[in-house]
Amino acid sequence: MLITDDFLPVPVPESLDATYLVPVAGLPKVSPKTAVEALTGRLAEPVHGLARQMLDSPLMTVDTRLISEFPELPPDLLTAFGATEAQLARLAAATHLVVVQAEYRPGWPPAHEWAARAVAAAVAETVKGDVVDVFGLQFLDPATALRSLPDEEGRIRLVDWVLVPYSSDADGLWFTTKGLRRFGLLELQAQGVPDHLTRAWGAVMTGAARRLLREWTEGLTGEEVPAFVQLPVLATVTGHDIAVAYGNPEQHGATAPVLLRLELDPATDPDADSFLSLRPPPGHPGPPGRYFAAACATLFAGIQPDVRYARPGDAMSKAIATARAGLGDIRARFLAGKLPAETQLVIKYGLPGDDGPEFVWAGVTSWDTPERIVGASASDAATDPTVRIGAPVVVEAADVVDWALLDGTGVIEGGWTQAVLDAGERPTAD
């Protein structure tokens, strides 16, 4: 095996398994084969045929067990990963579990996951129940589970299979993935992420997962399962990676790629998980959080500093007026937690300069009073040396000229001044 400074050898497990549960009250009145046959014409190939084949092979088992025979599913963790009260109530009322388990070699396609989820969703749809993904500790309604499976062209949304939870530590936020082990790959982690990047960095992690999973599966295409797959130490992540992971390949934009250094962090506890850590590339000065913030600013369209404007009555003036008119509503939605999932609210505001105002972006972290917004800078300012990427800022609402909601593909709402710039108008100070 060739080992160089440019590649990191990552161990490959001998086999992979998947487990899905369907809680039921009483014994189910349908066989798995009948349930899967009912999906004919609704479930794309090759998954439909794959599910039927694995049902007839020793690679899959489907058992019905008393719920008391199965380890208790922790309600607090299920709730943390999105379980509703109705789903938890159905679980509490269940007397039996239909247990679907499948095993397969590492590689693509991940037949164990696709077939097991398809069979479990077919059974759950028939009994009007839920699917429990044991790996992710997630409830899935049957329709959601079926939509997550490959379409006619074999495409999936990686966000349906890989979660990106995070928690706080002394250095900032600690992000991990939860789902890459389904495919045999170690989970990713990143530490020291600035607090205001919760949604943006989660999207970057998902894009990085997509890129590395592609490298991983390309290393598993031979007839024999190798002991190691060599992944690049410097991983490139692009807006296209993020967009594809979210199922929007046509919205990848033309953003510049960013580099992330990959390091293997083996677990010291035999019961703990090893990780692949994402860090800034060699030679980057300063704390990792600054590089992570710069990476987000590079990958997401609409975060552009140094926008100057001082002319009333033109398209930029109208854009600013539109943004300001919507501040009250976006604040109310922000405080009520009604912004779309996986989005980040950012604002653009003016800094005084000798040649006119410099406009920079900041991620909103709190907005307790209508007049004052607390956030973290998304860029380095040219006119104020204290305004640096990731630095805390307090912005007067009167200074705000624009706002936007960002997801992994860029601006999904707002960004009126950026739309003017993208249309070709870049006004200068008079």
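Helices, such as the α7 that will matter below, are DSSP runs of H or I with at least four residues, and they are numbered from the N terminus. With that naming in hand, the reader can turn to the structure itself, which is a predicted model.

A good place to begin is the open sheet, in which five strands follow one another in the order β3-β4-β2-β5-β6 with antiparallel pairing. Its edges are formed by β3, residues 60-66, and β6, residues 138-140, each of which pairs on one side only. Leaving direction aside, neighbouring strands of this sheet are turned against each other by 25° on average. Within the sheet, β2, which covers residues 16-24, runs antiparallel to β4, residues 96-104, and the two are joined by nine bridges; in one of these pairings, aspartate 17 has glutamate 103 of β4 as its bridge partner.

From the sheet, the path leads on to the pockets. The largest pocket holds about 880 Å³ of space, and among the 32 residues that line it, Gln138, Val159, Leu163, Val164 and Glu342 lie nearest its centre. The edge strand β6 supplies at least two residues of this lining, as do α6 (142-147) and α7 (198-218), with α7 giving the most, namely four residues. By class, the lining comprises 16 nonpolar, eight polar and eight charged residues.

The second largest pocket has a volume of about 550 Å³ and a lining of 19 residues, of which Gly154, Arg155, Ile156, Arg157 and Val244 lie nearest its centre. Two or more residues of this lining come from each of α7 and α8 (239-245), and here α7 gives the most, with four residues. Eight nonpolar, four polar and seven charged residues make up the lining of the second largest pocket.

Notes. Residues numbered from 1 in each chain as written. Predicted model: local features only at pLDDT ≥ 70, side-chain atom pairs only at ≥ 80, totals over all residues. Heavy atoms only, no water. Pairing = 2+ DSSP bridges. Axes fitted to C-alpha atoms, helices over the stretch in contact; angles between N-to-C directions. 1 Å grid on protein atoms, 1.4 Å probe; cavity = no way out; pocket = protein on both sides within 12 Å on 5 of 7 lines; lining within 4 Å. Points joined across faces, edges and corners; volume = space filled by probe spheres on them. Nonpolar A, V, L, I, M, F, W, Y, C, P; charged D, E, K, R; others polar.
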